[in-house]
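This report introduces a protein structure to a reader who has not met it before. Please view the sequence and the structure together before reading on.

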Amino acid sequence: MITIQNVLIATDNSYATVDLQVVDGKIAAIAADLDVVGTAFDGNNKLLLPGFFNAHTHSSEMWQRGIMSALPLELWLAELYDFAPLDLEKVYLSALGTAVETLLSGGTSVVDHLVLIPGQELETIATATRAYREVGIRAFIAPLIQDESLTAGMPSGESAQTHEPYFRSTVATLEIIEEAVRQFHRPDEGVNILVAPTGIQLCTDALFEGCIELSSRYNLCRHSHLLETRAQEKLAEEKYGCTAVEHLKRIGYLSDRTTLAHCVHLNDADIAILAETQSTVVHNPLSNLRLGSGIAPILKYRQAGVNVTFGCDGASSNDSQDLLEAIKIGSILHNVTDSDYQHWITPRQAVEMASLGGAKGLNIADKLGSLTPGKQADLVLYDLTNLSLLPRTDPIGLLVLGRPTNVVNSAWVNGKQVIADGKLTTINVDELRQELFNRSQWETKRKSQTVAQIEAHYRTVMGLRNTKKHG
Ligand SMILES: [Zn+2]
């Protein structure tokens, strides 16, 4: 039990100073001058917000942040996989790192679209689960699956393309996910398994249908990439003769517990389908900029009534896990897309998208996402005396539009404190730093063999001139 005293919370268009009690992991009461239950925390000059959701990332990409070449997604993925860490210890450390950076930038939940080590799929999931349990962040582990090889993710264009079969069968892949659900899916303990086919570009209908079946049987959320690039838009047309959204609707993948990362290249009819199926868009603005994918039409989504939340995406396409940065860029980026400033995202709307928007996407808005008595206590306390939040103006404006640095004073997940005085209480971050340092080295340019093999075809189908200069 805890009581946070004299803390600033947001009210309709203003702020109030209140006390907040947490009992049995839930918010018990919010009002002025409450009795102290359990441990008292001084909320003076601090802002309390519901924890945010880092609603799409890939933790093991942390090992390649800062080094990836300037390439569009399809070629970038080829480079990424050529140098992917196939090492459980690295999976463990990057999951810890992703969790820590998420917590220190206001997130209390993470959706990890987790890249699996071939042949050690369940071990990879077990390792990430262990890391998230140790840190104490609420984890939504979405094992990334596909049943087609990487080259199938590119449109064929005029040419006849053949692709290697994927190394693991669709049935075997679905069995791995079902076993992961049996072993690790424990929502009451803050660990959730999601079905997460990577996207239409590398998955057959059989895989999507198997995932829908598992989702229904075990009550699992669904996650996927969707129309991140122009190439995927073309590919969907080649594969289905309609848009990817129309196809996903037809096979029944879209629902009120389906979150879709990116959603950059959708038309108005697609947007109406997302609204009608109550699907959620996860906006990853930094990744979309870094890979040149485009600007997702977020203001259109909001006007159509589509739920939107934010993700950092993996650290190889970002190259950080700073959720406050994603929220800032993901809000103001869209001002250049619509001259009607009444549509622009305000800092308070951005905070709601990052908290309640995430909870809605994962179908737990009745349990998380706002400071409401009866909801789980996933809370973040920001220090308003931090230099980056001064001088004093509107606290939420400073937090969203500023460049907040080390501003998280405390955080709780399910009522359990995981950050105190700006430091993790659950793991030793100095040891983590040392391990990340020891297991890496300063590097410069690398040569990706797969990029060399597929680049000419990519340039041709995307209408780019082939020259010898690149690579
Ligand atoms: Zn992604």
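Two residues are in contact if their C-beta atoms, placed from the backbone, lie within 7 Å. By this criterion L48 touches I4, V7, L8, I9, L20, G43, L371, L379 and L381, not counting residues up to four places away in sequence. The model described here is a predicted one.

**Domains and their contact**

The protein chain is divided into two parts: domain 1 covers 2-49 + 372-424, and domain 2 covers 51-361. Their C-alpha centres lie 29 Å apart. To the contact between them, domain 1 gives 19 residues and domain 2 gives 21 residues. On the side of domain 1 that touches domain 2, at least two residues come from each of β14 (379-383), α13 (395-401), β15 (408-413) and β16 (416-420). The largest share of that side, 5 residues, is supplied by α13. By kind, the residues of this side of domain 1 comprise 15 nonpolar, 2 polar and 2 charged.

**The largest nonpolar core**

The largest nonpolar core holds 130 residues, and within this core L48, A99, I141 and L194 touch the most other members. Helix α2 (residues 88-103) provides the largest share of the core, 8 residues. Both domains take part, since at least three residues of this core are drawn from domain 1 (2-49 + 372-424) and at least three from domain 2 (51-361).

**Strand β12 and its neighbours**

Strand β12 (residues 280-283) has its residues pointing in two directions: T280 and V282 go one way, V281 and H283 the other way, and all are buried. In a regular strand the side chains alternate between the two faces of the sheet.

Strand β12 pairs with β11 and with β13, as the table sets out.

| Strand paired with β12 | Bridges | Direction | Opposite residues |
|---|---|---|---|
| β11 (residues 258-262) | 3 bridges | parallel | L260 and V281 |
| β13 (residues 307-310) | 4 bridges | parallel | T309 and V282 |

How are β11 and β12 connected with helix α8 (residues 268-277), and what is the handedness of the unit? Together, β11, helix α8 and β12 make a β-α-β unit that is right-handed. Within the pairing of these two strands, L260 stands opposite V281, and V281 is one of the buried residues of β12. On the β13 side, V282 has T309 as its bridge partner, and V282 points the same way from β12 as T280.

Definitions and conventions:
Residues numbered from 1 in each chain as written. Predicted model: local features only at pLDDT ≥ 70, side-chain atom pairs only at ≥ 80, totals over all residues. Core = buried A, V, L, I, M, F, W, Y, C linked by C-beta atoms within 7 Å. Buried ≥ 20, exposed ≤ 12 C-beta atoms within 10 Å, placed from the backbone. Domains from an automatic or database assignment. Pairing = 2+ DSSP bridges. Right-handed = clockwise from strand over helix to strand, strands pointing away. Nonpolar A, V, L, I, M, F, W, Y, C, P; charged D, E, K, R; others polar.
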